[in-house]
Amino acid sequence: MSETPRSTGAPAHQNVTFPSGGTTAHGYLALPPSGQGPGVIVIQEWWGLTDHIADVTERLAKEGFVALAPDLYGGNVAHDSAEAYRMMQDLPVERGVELLSGAVDHLLAMPEVTSETVGSVGFCMGGGFVLYQAATDPRVHAAVPFYGVIQGETPDFSGLKAQILGHYGERDSAIPVDSLAPLRDTIREQSGITPDFRVYPADHAFFNDGRPEVHEPESSALAWRSTVDFLHAQLD
């Protein structure tokens, strides 16, 4: 594993490696200015571990979290939607969840992490993985899917321990707004936890400021502030 970066008064960040799912996984780690804080996993879009995901990881560190973005594609990044779709299809849900479990192991073993549980924030494909991960890993106590795409069957939420704050766009054709109520009901019936799903006047991927054709600054700012407050409330 790479040496943990030292705090220098600003978020420290670097690439790290750690054992996960029977292999050596890679990820992007950012520490808060204080050098310690609650742990948060950041889960990539279907594009891969892009500059946008690294930036989100650093932004969480600035808010006081030890943030780790595991690289689920092993260093590959898609350059168009067809390639992104293929790479997403090549990552079975079960394998993705296994790799995320290893990332939680790594995060909770770090002396810089002050929480006994973690938060999980993900986007698009990663938002779906947030829900799969929270449904299967009781160490996840705060789950934040941004326009999470659930691939295949809806997970079994009977073992869910996390509170859920979800962000969705009302113009998102990939995740119709009328699909959120049934998902909310399923989660509540299976776990007793009622997720807080929030809908914004926006398209899919509205939080991605690297895509000006869909980015919605006002909706993004609202979603970000509520996410940071939610994570602190659940993990501090």
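**Close-up 1. Asp229 and its partner Arg225 in helix α6.** In this predicted model, Asp229 has a relative accessible area of 43%, so it counts as partly exposed. Arg225 is partly exposed too, at 38% relative accessibility. These two side chains form a salt bridge, and their closest N and O atoms sit 3.5 Å apart. Why are Arg225 and Asp229 separated by about one helical turn? Because they are 4 residues apart in helix α6, which covers residues 217–235.

**Close-up 2. Glu63 joins in with Arg225 and Asp229.** The pair from the previous view isn't on its own: Glu63, Arg225 and Asp229 are linked in a network of salt bridges. What lets side chains like these get together? Opposite charges can pair when the charged atoms come close.

**Close-up 3. Arg139 reaches Asp105.** Here the closest N and O atoms of the salt bridge are 2.5 Å apart. Arg139 belongs to the loop between α4 (125–136) and β6 (140–146), while Asp105 is part of helix α3 (residues 93–109), so this pair ties together parts that are 34 residues apart in sequence. Are the two partners buried or exposed? Neither, quite: Arg139 is partly exposed at 23% relative accessibility, and Asp105 is partly exposed at 40%.

**Close-up 4. Glu213 pairs up with Arg211.** The closest N and O atoms of this salt bridge are 3.0 Å apart. Glu213 counts as exposed, with 55% relative accessibility, because the cut-off for exposed is over 50%. Arg211, at 23%, is partly exposed. If you'd like to hunt for others, how many salt bridges does a search of the whole structure find? The count is 11.

Definitions and conventions: Residues numbered from 1 in each chain as written. Predicted model: local features only at pLDDT ≥ 70, side-chain atom pairs only at ≥ 80, totals over all residues. Heavy atoms only, no water. Salt bridge = Lys/Arg side-chain N within 4 Å of Asp/Glu carboxyl O. Helix = DSSP H or I, 4+ residues; strand = E, 2+ residues; numbered from the N terminus. Buried < 20%, exposed > 50% of the residue type's maximum accessible area, 1.4 Å probe, protein only.
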